[in-house]
Amino acid sequence: MLSSLRLTADLRTAVAGGELSVAYQGQYDLGAVGLREDALALAPVSVEALCRWQHPEAGAIPPDVFIPLAERAGFLDEVDGYVFSQAAEQIGVWRRDGHDIAFAVNVSPAHFSSRYADAIMHRLDELDLDPAALTVEITEAPLPQLRAPMLSAIESLHAAGVTISVDDFAAGDTTVVMLDSLPIDEVKIDRSLTQRVDAAADDAVATVVESSASHGWRVVAEGIESLADFARAVARGCHRGQGYLWGMPLRADAMSGVLRRVGPSAV
């Protein structure tokens, strides 16, 4: 097993050399598919871009291992920037091929600033991509303590038409009330809540869904891994779903095959 110090050094080299890859996990419109028999064979309306690292000696290194390494070493912004740039370019290809598909990227609050927002908008403009095609997902945990530069960046991207999403809602201490004043467009329900079957979980999701009606939020159920999870997300009124039930995250060529097979889909 390689040491953290060695992995960090190798990761820095991989980032600089463009050796990381991006996998794409589909997101599906639950309002459109309902419980149709072919619901699991329809086209995704969006994909989440996920970073992958294949180490030359140790093999595949999980994101929950290498992302903290990059954050502690101070270059997670380079990882996030690389994933965004690669994903944006790929989305441009798919959209030119007739697939009206959007995409989402994760952003660490540690470097979420006006500089980052400007870089995002510059790259979208460079690729002639509509800002509405992008969703920026922010981890739920730090939201109650948003720093001023981070809030300014969120407001800037939101005003430009980029969708702002709170990721992993219910994984931390954030409540719906805490989200009321934030310029967000989407709340992603954490898998720990999506997969629960108790009344308390039903009530928690219902609160988010009810609030979404007045705030204009989109509610996404993460971690849908079974038909029961799927049916529960639909019954709870979630707008979109994402998870292994539709398949594992795919590399770009494999996702291209899925899109060709299922045909165009409207965002």
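E137 is a buried residue, with a relative accessible area of just 1%. Keep in mind as you look around that this is a predicted model.

**Starting from E137**

You'll find E137 in strand β5. Its side chain has a partner: a polar contact of 3.0 Å links the side chains of E137 and K188. Skip the residues up to four places away in sequence, and E137 still touches E48, A104, V105, N106, V107, S165, D167, E186 and K188. Why does E137 count as buried? Because buried means under 20% relative accessible area, and E137 has 1%.

**The largest pocket**

Now for the empty space. Rolling a probe the size of a water molecule over the atoms shows where empty space is left. The largest pocket holds about 920 Å³ of space. It is lined by 34 residues, and those closest to its centre are E48, L50, P63, N106 and D167. Three of those names may ring a bell: E48, N106 and D167 are also among the residues that E137 touches.

Which elements give two or more residues to this lining? They are β2 (46-55), α3 (63-73), α4 (76-96), β4 (102-107), β5 (134-139) and β6 (163-169). Sorted by class, the lining of the largest pocket has 16 nonpolar, 7 polar and 11 charged residues.

**The second largest pocket**

The second largest pocket has about 280 Å³ of space. Going round its lining, you meet D77, G81, F84, S85, H111, S113, R115, Y116, A119, I120 and R123. At least two of the lining residues come from α4, and at least two from α5 (114-126). In fact, α5 gives the largest share of this lining, with 5 residues. The classes here are 4 nonpolar, 4 polar and 3 charged.

**Two more residues to visit**

Next stop: D229, which sits in helix α10 (residues 227-235). Is D229 buried or exposed? D229 is buried, because its relative accessibility is 7% and the limit for buried is under 20%. The side chain of D229 makes a polar contact of 2.4 Å with the side chain of R232. Leaving out residues up to four places away in sequence, D229 touches T194, Q195, G223 and I224.

H158 belongs to helix α6 (residues 148-160). At 31% relative accessibility, H158 is partly exposed, so it falls in between the cut-offs of 20% and 50%. Beyond its neighbours within four places in sequence, H158 is in contact with I164, P183, I184 and D185. With D185 there is also a polar contact between side chains, at 3.1 Å. For a sense of spacing, take T135: it is 23 residues from H158 along the chain, and their C-alpha atoms are 9.7 Å apart.

Here are the side-chain polar contacts from this tour:

| Side-chain pair | Polar contact |
|---|---|
| E137 and K188 | 3.0 Å |
| D229 and R232 | 2.4 Å |
| H158 and D185 | 3.1 Å |

**A word on cysteines**

A disulfide is a covalent bond between the sulfur atoms of two cysteines. How many disulfides does a search of the whole structure find? The search finds 0. Have a look at C51 too: its relative accessible area is 10%, so C51 is buried. C238 is buried as well, with a relative accessible area of 7%.

Terms used
Residues numbered from 1 in each chain as written. Predicted model: local features only at pLDDT ≥ 70, side-chain atom pairs only at ≥ 80, totals over all residues. Heavy atoms only, no water. 1 Å grid on protein atoms, 1.4 Å probe; cavity = no way out; pocket = protein on both sides within 12 Å on 5 of 7 lines; lining within 4 Å. Points joined across faces, edges and corners; volume = space filled by probe spheres on them. Helix = DSSP H or I, 4+ residues; strand = E, 2+ residues; numbered from the N terminus. Nonpolar A, V, L, I, M, F, W, Y, C, P; charged D, E, K, R; others polar. Disulfide = S-S within 2.5 Å. Buried < 20%, exposed > 50% of the residue type's maximum accessible area, 1.4 Å probe, protein only. Polar contact = N/O pair within 3.5 Å; in protein donor to acceptor, adjacent residues only side chain to side chain. Contact = heavy atoms within 4.5 Å.
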